[in-house]
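Please work through the exercises below with the sequence and the model side by side, trying each task before reading its solution.

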Amino acid sequence: MQETFRVKTRKSQEVVDITRQVAEAVARARLDEGICTVFVRHATAAIIINENADPAFRSDVVTALDRLFPQGIWEHDKVDDNGAAHLKAAVLGPSEAVPVQGGRLRLGTWQGIALVECDGPREREILVDVR
Ligand code: ZN
């Protein structure tokens with residue numbers, strides 16, 4: 001089963017929890033055991049699985065990415081001025097996979113699935129593939 005949902009980001013960079021939307025898609029798939037792939041269909045956004053309880057961690061991700069990839073020094077900036085955003089998304093990657101059991105995501109207690117916006121605000125399309 002595949003389905004997509006959209007997330008409207010509000011800032012140029014932010015980490016948005018999408019665990020609930022993914023869990024709902026997995027529940028609709030009625031799969032006993034398998035794998036859920038979460039994939040963002042954009043070149044300047046990424047998917048991560050990490051700490052989900054402390055909101056400060058989300059701003060730490062943005063801060064760390066900014067330190068790793070400063071603005072305005074990349075070849076791609078000559079094209080559309082968002083070289084840093086592409087590099088952040090490339091390092092994090094566009095997808096994550098989560099085991100499914102009994103129709104539920106087998107995430108750890110502190111894990112959540114998040115969209116990382118690197119060049120917003122924009123509307124992002126996320127694909128969930130459960131099989
Ligand atoms: Zn670009």
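Four exercises follow, each with a worked solution.

The model is predicted, so local features are taken at pLDDT of at least 70 and side-chain atom pairs at pLDDT 80 or more, whereas totals for chains, interfaces and linings use all residues. Residues are numbered from 1 along each chain as its sequence is written, and side-chain values use heavy atoms, with hydrogens and water left out.

**Exercise 1. Overall fold**

Describe the order of helices and strands in the protein chain, and judge its compactness from the radius of gyration.

Solution. Begin with the assignment, in which helices (H or I, at least four residues) and strands (E, at least two) are DSSP runs numbered from the N terminus. The protein chain has four helices and eight strands, and along the sequence these come in the pattern β-β-α-β-β-α-α-α-β-β-β-β. Next, take the radius of gyration, which is 15 Å for the protein chain and close to the 14 Å that the globule rule gives for 131 residues, so the chain is as compact as a globular protein of that length; the radius is taken over C-alpha atoms, and the rule is 2.2 Å times the number of residues to the power 0.38. Finally, along the principal axes, the C-alpha atoms fill a box of roughly 50 × 30 × 20 Å.

**Exercise 2. Cores**

Identify the residues with the most contacts inside the largest nonpolar core, and the elements that give two or more residues to this core.

Solution. First fix the terms: buried means under 20% relative accessible area, exposed over 50%, and partly exposed in between (1.4 Å probe, protein chains only), while a nonpolar core is a set of buried Ala, Val, Leu, Ile, Met, Phe, Trp, Tyr and Cys residues joined through side-chain atoms within 4.5 Å. Buried residues make up 41% of the 131 residues. The largest nonpolar core has 21 residues, and Ile18, Val22, Cys36, Ile113 and Leu115 have the most contacts inside it. Two or more of its residues come from each of β1 (2-8), α1 (19-29), β3 (33-40), β4 (45-51), β5 (95-101), β7 (111-117) and β8 (123-130). Apart from this core lies another, of 11 residues, including Val15, Val62, Ala114 and Val116. Then turn to Ile113: leaving out residues up to four places away in sequence, its contacts (heavy atoms within 4.5 Å) include Ile18, Val22, Val38, Ile49, Val98 and Leu107.

**Exercise 3. Helix α1 and unusual backbone geometry**

List the buried residues of α1, then find where phi is positive in a residue other than glycine and where a peptide bond is cis.

Solution. In α1, the buried residues are Thr19, Gln21, Val22, Ala25 and Val26. Just after α1, Arg30 takes a positive phi of about 50°; Arg30 is in the loop between α1 and β3 and, at 77% relative accessibility, counts as exposed. Asp81 likewise has a positive phi, near 60°, and sits in the loop between α3 (77-80) and α4 (83-92), where its relative accessibility of 56% makes it count as exposed. The cis peptide bond runs from Gly120 to Pro121, with omega near -5°, and Pro121 belongs to the loop between β7 and β8. As background, most residues other than glycine have a negative phi, and most peptide bonds are trans.

**Exercise 4. Sequence separation and space**

Which residues does Gln2 touch, not counting residues up to four places away in sequence?

Solution. Gln2 is located in strand β1. With those sequence neighbours set aside, Gln2 touches Leu127, Val128, Asp129 and Arg131. Its C-alpha atom is separated by 33 Å from that of Phe69, 67 residues apart along the chain. For the protein chain as a whole, residues 24 or more positions apart account for 81% of the contacts with a separation of 6 or more.
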